[in-house]
Amino acid sequence: DCEPKATSENRSIAALCHVRGTDLSAYLLERGWAVALPDAPIEYQALEKIARSRGLGIWGFAIGE
């Protein structure tokens, strides 16, 4: 289930989505498969930083090696 929150100038939609009661954004962030936008809630930014520090998901790939 998704609840639209905002529409941008390019007509893309920002929404809060849940799957069986789980916040989909938080789920992806804590596993390293999403990036929190600068204006995202502090909880989302923290989840991204934790995943990044643990080298999870996209943060687990070495660049330039």
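This section describes the fold, the charged pairs, the nonpolar surface and selected loop residues of a predicted model.

The chain contains 2 helices and 3 strands, and, read along the sequence, these elements follow the pattern β-β-β-α-α. Strand E1 covers residues 2–7, while strands E2 and E3 cover residues 13–19 and 22–23. Helix H1 spans residues 24–30, and helix H2 spans residues 42–54. Taken along the principal axes, the C-alpha atoms fill a box of roughly 40 × 30 × 20 Å. Of the 65 residues in the chain, 20% count as buried, and the accessible surface comes to about 5300 Å², with 56% of that area belonging to carbon and sulfur atoms. When contacts between residues at least 6 apart in sequence are considered, 21% of them join residues that are at least 24 apart.

With regard to charge, the chain carries 7 positive and 9 negative charges, and the mean positions of these two sets are 4 Å apart. A search of the whole structure finds 3 salt bridges. One of these links the side chains of glutamate 3 and lysine 5, with an N to O distance of 3.1 Å. Glutamate 3 is partly exposed, at a relative accessible area of 45%, whereas lysine 5 counts as exposed, at 53% relative accessibility. Another salt bridge is formed by arginine 31 with glutamate 30, where the closest N and O atoms lie 2.8 Å apart. In this pair arginine 31 counts as partly exposed, with a relative accessibility of 34%, and glutamate 30 is likewise classed as partly exposed, with a value of 38%.

The salt bridge between arginine 52 and glutamate 48 has its closest N and O atoms 2.6 Å apart. Both residues belong to helix H2, in which they are separated by 4 residues, about one turn of the helix. The two partners fall into separate accessibility classes: arginine 52 is partly exposed, with a relative accessible area of 42%, while glutamate 48 counts as buried because its relative accessibility is 8%, under the 20% cut-off. Leaving aside neighbours within four places in sequence, glutamate 48 is in contact with Leu29, Ala34, Val35, Ala36 and Trp59. The model therefore places a carboxylate-bearing side chain that counts as buried, at 8% relative accessibility, in a salt bridge with arginine 52.

A nonpolar patch is also present on the surface, where Val19, Leu24, Tyr27, Leu28, Trp33, Val35, Ile58 and Phe61 together make an area of about 740 Å². Helix H1 supplies the largest share of this patch, with 3 residues. Tryptophan 33, a member of the patch, is placed in the loop between H1 and H2. Val35 appears both among the residues of the patch and among the contacts of glutamate 48.

Leucine 37 likewise lies in the loop between H1 and H2, and counts as exposed because its relative accessibility, at 57%, is over the 50% cut-off. The C-alpha atoms of leucine 37 and glutamate 48 are separated by 9.9 Å, the two residues being 11 apart along the chain. Leucine 37 is thus assigned to the exposed class, at 57%, whereas glutamate 48 is assigned to the buried class, at 8%.

Two arginines in the loops between strands have positive phi values. Arginine 11, which is located in the loop between strand E1 and E2, has a phi near 75°, a positive value in a residue other than glycine; this arginine is exposed, with a relative accessible area of 72%. Arginine 20 is found in the loop between strand E2 and strand E3, and its phi is near 50°, again a positive value in a residue other than glycine. At 87% relative accessibility, arginine 20 also counts as exposed. The C-alpha atom of arginine 20 is separated by 26 Å from that of arginine 52, a residue 32 positions away along the chain.

Notes
Residues numbered from 1 in each chain as written. Predicted model: local features only at pLDDT ≥ 70, side-chain atom pairs only at ≥ 80, totals over all residues. Heavy atoms only, no water. Buried < 20%, exposed > 50% of the residue type's maximum accessible area, 1.4 Å probe, protein only. Contact = heavy atoms within 4.5 Å. Areas by Shrake-Rupley, 256 points an atom, 1.4 Å probe, with all protein chains shown as cover. Lys, Arg positive; Asp, Glu negative; His and termini not counted. Charge placed at Lys NZ, Arg CZ, Asp CG, Glu CD. Salt bridge = Lys/Arg side-chain N within 4 Å of Asp/Glu carboxyl O. Patch = residues over 30% accessible without salt bridge, like charges linked within 9 Å, V, L, I, M, F, W, Y side chains within 5 Å.
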